[in-house]
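Me: I would like to learn how to read the features of a protein model, one at a time. Could you give me the general idea each time and then the case in the structure shown here?

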Amino acid sequence: MSKLRSGWLAALTAATLWVATPVLAQAQSLIRDTEIEMTIREGADPILEAAGLVPDDVTILLINDSTLNAFATQGLRMGFHTGLIMEADTPNQFLGVLAHEAGHLAGGHSIRGEMQSAGMRPFLLTMGLGVLAALAGAPDAAAVLVGSSGYFGTLGALTYSRSQEAAADQAAVTALEAAGVSGDGLVEFFEEFRYQELFSEERRFPFFRSHPLSSDRISGLRRRVAEQAHHGVRDTEEALFRHRVMQAKLYAFLNAPAYTLQRYPSSDTSFEARYARAIAAYRAANTDDALSQIDTLLEEGPDNPFLWELKGQVLFEAGRPLEAEPAHRRAVDLLPEAGLLRVNLAQAIIAQERPDRLQEAISELHRSLAFERDNPFAYLLMSQAYGSLGEDGQARLAQAEYHFSIREMEEAQRAAVFARSRLEPGSAAYRRAVDIILATGASLEDIAELDRAQEN
């Protein structure tokens with residue numbers, strides 16, 4: 001993953017931003033999006049490292065919620081609402097908030113308590129896959145996050161102490177400076193919303209309920225930032241461009257097409273505006289218009305993997321998987337380490353309903369999981385493909401992996417027991433089934449009992 005994160009800019013053209021699938025409005029859902037994740041990681045990883053954290057150990061969650069909020073919590077996880085990204089005027093402002101949350105993580109200030117409640121279950125909104133899947137846990141055991149409104153209300157009710165906020169501010173400035181990034185954005189962000197301290201608790205943005213703001217705090221932060229060598233350093237044009245495209249894509253997918261066309265009218269000929277309008281046409285089911293707009297963008301940026309991914313997704317959603325496959329394959333060729341893009345390709349192959357090609361799809365899914373083991377949808381597709389081939393053991397093992405990845409332990413155990421009874425003893429798949437059974441809390445005696453129940 002680190003290789004992908006560090007090398008993606010060099011691999012792509014100037015118009016390098018990815019696209020996602022249509023969004024069915026759901027509050028507090030988790031968004032997966034390759035391009036947005038790469039954009040965020042490009043700026044975040046140097047800051048996380050400077051904060052004394054291992055970037056690959058930190059999970060960054062993007063939450064589909066229009067309110068302004070961000071938080072850090074157990075297991076080195078930080079979350080950002082789409083509303084905060086839309087409100088951040090510059091990349092520097094967003095990275096300032098991210099550095100502040102990294103300060104909380106490094107200082108062990110994470111919000112605790114309700115995170116592990118089994119009754120609070122999130123939605124995973126997988127952009128680029130055309131699905132909105134209601135999942136019973138986080139994408140993997142390292143990213144447990146609940147997504148119910150009750151949970152987020154609980155988060156909003158918890159606050160960091162004044163001393164923790166001050167420590168996170170200071171840690172943020174130190175990390176930003178060490179990463180060669182100005183701390184001005186964090187000051188600007190706080191100053192832009194300093195009026196929040198005048199509001200009653202229920203009227204404040206969630207971020208400022210959990211991160212109390214005061215004029216004294218802003219003043220102290222401003223003085224410290226002014227002393228740093230990178231004070232006054234502004235965002236590059238490339239960074240500003242990526243930020244605008246990220247915002248345009250989020251807006252186009254999270255709002256009705258009519259609103260997108262109002263925000264990005266035809267008179268706006270920037271890349272981000274044309275990109276947003278293509279997404280709007282796609283979401284409005286105007287397939288021919290969407291494809292025409294995407295093809296125009298591809299003429300200017302033929303090596304942009306995310307435009308190819310969008311074209312493939314438009315064709316796939318239009319019920320044309322055979323035509324979608326070459327576009328998805330081109331996206332994978334341009335960005336081979338992006339696991340989600342390989343899942344898209346596999347999905348297009350499976351949808352063609354050709355048994356002779358199912359092994360090819362399964363191979364792509366295995367490759368995707370080599371880069372990203374926390375994608376439950378890949379396991380679902382794999383189970384479907386193996387089932388179509390009549391390979392019941394492998395199909396149930398993939399099903400067990402799916403349930404295990406979303407922490408449905410009883411279902412994972414049952415599927416793994418079934419898989420074990422149909423896999424070759426001693427094989428890698430057999431051993432993995434046993435691992436899942438044991439990891440779900442079963443003893444060797446339990447396995448023997450489950451085997452007997454299976455036989456009956």
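Reply: Let us begin with burial: a residue counts as buried when its relative accessible area is under 20%, and as exposed when that value is over 50%, with partly exposed in between. The model is predicted, and of the 456 residues of the protein, 55% count as buried.

Me: How many helices and strands does the protein have, and what share of its contacts join residues at least 24 apart?

Reply: There are 22 helices and 6 strands in the protein. If one takes the contacts between residues at least 6 apart in sequence, 66% of them join residues at least 24 apart.

Me: Which residues of helix H13 are buried, and which are exposed?

Reply: One can first compare the length of a helix with its expected span and then ask which way its residues point. Helix H13, residues 287-300, has 14 residues and reaches 20 Å from its first C-alpha to its last, close to the 20 Å expected at 1.5 Å a residue. Its buried residues are Ala290, Leu291, Gln293, Ile294, Leu297 and Leu298; because these cover an arc of only 165 degrees around the axis, they lie on the same side of H13. Asp288, Glu299 and Glu300 are exposed on the other side of H13, while the cover over the buried residues includes helix H12 (271-283) and helix H14 (305-317).

Me: Where is Gln313 placed, and is Gln313 buried or exposed?

Reply: Gln313 belongs to helix H14, and with a relative accessible area of 1% it counts as buried. Gln313 and Tyr282 are 31 residues apart along the chain, and their C-alpha atoms are separated by 9.3 Å.

Me: What would the same reading give for helix H9, and which elements cover its buried residues?

Reply: The 12 residues of helix H9 (residues 215-226) should span 16 Å at 1.5 Å a residue, and its end C-alpha atoms are 16 Å apart, which agrees. Arg217, Ile218, Leu221 and Val225 are buried in H9, and since they cover an arc of only 95 degrees around the axis, they are on the same side of the helix. The face of H9 turned away from that buried side carries the exposed residues Asp216 and Arg223. What covers the buried residues includes H4, helix H6 (162-178) and helix H7 (184-192).

Me: How is empty space found, and which residues are closest to the centre of the second largest pocket?

Reply: Rolling a probe the size of a water molecule over the atoms shows where empty space is left. Here the second largest pocket holds about 430 Å³ of space. It is lined by 21 residues, and those closest to its centre are Gly43, Leu95, Asp235, Ala239 and Arg242. Helix H2 (34-50), helix H4 (91-106) and helix H10 (237-254) are the elements that give two or more residues to this lining, and H2 gives the most, with 5 residues. By residue type, the lining divides into 10 nonpolar, 7 polar and 4 charged.

Me: Which loops hold Leu76 and Glu353, and what is phi in each?

Reply: Leu76 is in the loop between strand E3 (70-73) and strand E4 (77-81), and its phi is near 55 degrees, a positive value in a residue other than glycine. Glu353, in the loop between helix H16 (339-350) and helix H17 (358-371), also has a positive phi near 55 degrees. As for accessibility, Leu76 counts as partly exposed at 29%, whereas Glu353 counts as exposed at 69%.

Technical notes:
Residues are numbered from 1 along each chain as its sequence is written. This is a predicted model: local features need pLDDT of at least 70, side-chain atom pairs count only at pLDDT 80 or more; totals for chains, interfaces and linings use all residues. Side-chain values use heavy atoms; hydrogens and water are left out. On a 1 Å grid over the protein atoms alone, a cavity is a set of points where a 1.4 Å probe fits but cannot get out, and a pocket is an open set with protein on both sides within 12 Å along at least five of seven lines; lining residues have an atom within 4 Å of a point. Grid points are joined across faces, edges and corners, and a volume is the space filled by probe spheres set on the points. Helices (H or I, at least four residues) and strands (E, at least two) are DSSP runs, numbered from the N terminus. Ala, Val, Leu, Ile, Met, Phe, Trp, Tyr, Cys and Pro count as nonpolar, Asp, Glu, Lys and Arg as charged, and the others, Gly among them, as polar. The expected span of a helix is 1.5 Å times one less than its number of residues. Buried means under 20% relative accessible area, exposed over 50%, partly exposed in between (1.4 Å probe, protein chains only). The arc is that of the directions from the helix axis to the C-beta atoms. Contact means heavy atoms within 4.5 Å.
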